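Student: Please choose one part of this structure and look at it closely. Then carry on from there in one connected account, giving the cut-offs behind each term as it comes up.

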Amino acid sequence: MSIVYDTIIIGGGPAGCSAALHLGYHKRKVLVLDRGTSPMHFHTNSIMNFSTGMAYTEGRTLIRQLSGAAKGAGAKFRPANVCEVSGAYPEFTVETEPSYRTKDRSLYKAKTIIFATGTARKHPIVDGHWRKWLPIANAGNGAFYCPDCEAPLTKGKRVLVVNVGTVGSALHIANSVARFTKKIRILMTEDAYVPFRDQDFSKLDESPFPWTSGKIKSVRFIMPGTSQTLVLESGERLSADVFFVAFVAKPRTEIAQALGIEVDDKGNIVTDKRGKTNVEGVWAAGDCRAITQQVAMAVGTGNYAALMVNQFLGNEAEKEAEFDHPEMRELPFL
Ligand SMILES: Cc1cc2nc3c(=O)[nH]c(=O)nc-3n(C[C@H](O)[C@H](O)[C@H](O)COP(=O)(O)OP(=O)(O)OC[C@H]3O[C@@H](n4cnc5c(N)ncnc54)[C@H](O)[C@@H]3O)c2cc1C
């Protein structure tokens with residue numbers, strides 16, 4: 001425990017890797033602790049709305065590229081599950097304990113912290129357990145989650161919206177893909193995370209989309225993007241080329257909250273536009289903030305937070321300085 005890192009980044013998804021790259025590049029001692037559950041650790045679709053400047057990249061390759069660049073710049077990465085952050089600037093203690101993907105049990109010290117812990121998405125339940133959905137979630141074009149990222153990929157396909165949230169979230173997905181396909185059906189899963197009794201089904205009846213409800217018993221899924229079928233407990237079979245999940249998300253911010261970091265009513269970490277939290281020496285980036293859940297946003301906010309941390313560490317006199325130089329607004333640009 002003798003090293004005191006300049007910054008410990010909790011989470012090694014796109015936001016954490018981007019922050020690590022900037023801090024490593026600026027020769028800061030930076031450690032990324034990551035338990036390896038970013039969607040990008042599993043994702044085998046091409047990321048169509050984020051370019052690495054070369055070919056479109058699938059998620060797993062993208063995360064290897066992002067972490068590889070940060071390691072190349074000098075950032076250290078450790079597979080570890082953080083269970084507690086304590087202390088205050090300039091000395092935080094970060095404690096890890098084993099998780100189902102990590103073995104590390106240690107204490108680490110840092111002057112500053114960046115939370116880049118992402119958000120947890122609730123998956124549909126198959127025969128009583130959400131883990132049985134994962135082989136589909138992670139395989140090629142089997143199941144989509146984000147209309148901003150994937151709606152255009154549904155062009156002309158049969159889409160089944162598999163809803164685990166509210167009627168509103170199911171309709172949002174259906175309306176978003178309706179520009180690309182007319183073959184849309186909605187399944188309201190009865191063991192959704194929002195109780196059935198609280199749902200307003202009249203909105204579905206008024207919508208142009210056929211819908212049904214039930215619990216998923218099994219999935220027949222041969223190859224990504226080909227015809228795939230959900231079998232309901234009632235015996236009803238629903239076939240589609242794409243399952244589009246209307247999910248529920250919960251930001252992973254419990255550890256930040258225990259440190260006294262302010263969150264909004266949905267649990268997202270509250271920051272200023274630069275990613276600074278209410279706790280001195282602590283920033284946040286990516287999906288654990290209330291931003292659109294996109295790789296580009298995660299990378300951008302990770303970079304911005306790291307930039308501010310680097311300035312904070314480097315120059316006491318400029319700790320509170322505005323990075324975007326408001327005095328420049330007065331200049332007569334032509
Ligand atoms: C199926 C799917 C497809 C998607 N497709 C696209 C797409 O095509 N284009 C696009 O732009 N976006 C896409 N997204 C969204 C994109 O994946 C996220 O916006 C992005 O990954 C957010 O990055 P992040 O670094 O903020 O969080 P994450 O990627 O979630 O990374 C957070 C990391 O923190 C780690 N962590 C959390 N808590 C702890 C802890 N206590 N200790 C240690 N580590 C911890 C997690 O294990 C994880 O590795 C998709 C999302 C999903 C689910």
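**From K273 to the rest of the chain**

Tutor: K273 is exposed, having 9 other C-beta atoms within 10 Å; on this scale a residue is exposed with 12 or fewer other C-beta atoms within 10 Å of its own, buried with 20 or more, and partly exposed in between, the C-beta atoms being placed from the backbone. The model is predicted, and local features therein need pLDDT of at least 70, side-chain atom pairs count only at pLDDT 80 or more, and totals for chains, interfaces and linings use all residues. Residues are numbered from 1 along each chain as its sequence is written.

K273 belongs to the loop between α7 (254–258) and β19 (282–284), where helices (H or I, at least four residues) and strands (E, at least two) are DSSP runs numbered from the N terminus. Between the C-alpha atoms of K273 and P251, which are 22 residues apart along the chain, the separation is 18 Å.

Two other loop residues are marked by their backbone angles. K27, in the loop between α1 and β2, has a positive phi of about 60° although it is not a glycine, and with 11 C-beta neighbours inside 10 Å K27 counts as exposed. D127, in the loop between β9 (119–122) and α3 (134–137), is likewise a residue other than glycine with a positive phi, near 50°; with 13 other C-beta atoms within 10 Å, D127 is partly exposed. A further loop, between β6 (82–88) and β7 (91–96), holds P90, which is joined to Y89 by a cis peptide bond with omega about 10°.

Strand β2 gives a contrasting picture to these loops. What surrounds β2 on its two faces? On one side V30, V32 and D34 are buried, and on the other L31 and L33 are buried, so that both faces are covered. In a regular strand the side chains alternate between the two faces of the sheet. Since 5 of the 5 residues of β2 are buried, the strand is largely enclosed by the rest of the structure. Strand β1 (residues 4–10) pairs with β2 in the parallel sense over 4 bridges, two strands being counted as paired if DSSP finds at least two bridges between them, and T7 has V30 in β2 as its bridge partner.

Elsewhere, an open sheet of 5 strands with parallel pairing has the order β10-β17-β11-β12-β13; its edge strands, β10 (143–144) and β13 (211–214), each pair on one side only. Within this sheet, β11 (residues 159–163) and β17 (residues 242–246) run parallel and are joined by 5 bridges, with V161 standing opposite F244 in β17. V161 is also one of the residues touched by I186, together with N163, A170, A174, L204, F209 and W211, when residues up to four places away in sequence are not counted; contact here requires C-beta atoms, placed from the backbone, within 7 Å of each other. I186 lies in strand β12 (residues 184–189) and is buried, with 23 other C-beta atoms within 10 Å. The C-alpha atoms of I186 and A174, 12 residues apart along the chain, are separated by 7.7 Å.

The protein chain is divided into domain 1 (4–118 + 252–328) and domain 2 (122–248), with bounds that come from an automatic or database domain assignment, and the centres of the two domains, taken over C-alpha atoms, are 32 Å apart. Each domain contributes at least three residues to the shell around the ligand. That shell has 38 residues, of which G11, G13, S38, G118 and G286 come nearest; a residue is near a molecule if its C-beta atom, placed from the backbone, lies within 6 Å of it. The elements giving two or more residues to the shell are α1 (14–25), β2 (30–34) and α8 (295–314).

Over the whole protein chain, the secondary structure comes to 8 helices and 19 strands. The radius of gyration is 22 Å, close to the 20 Å that the globule rule gives for 334 residues, so the chain is as compact as a globular protein of that length; the radius is taken over C-alpha atoms, and the rule is 2.2 Å times the number of residues to the power 0.38. The C-alpha trace spans about 65 × 55 × 40 Å along its principal axes, and 41% of the 334 residues count as buried.

Technical notes: Contact = placed C-beta atoms within 7 Å.
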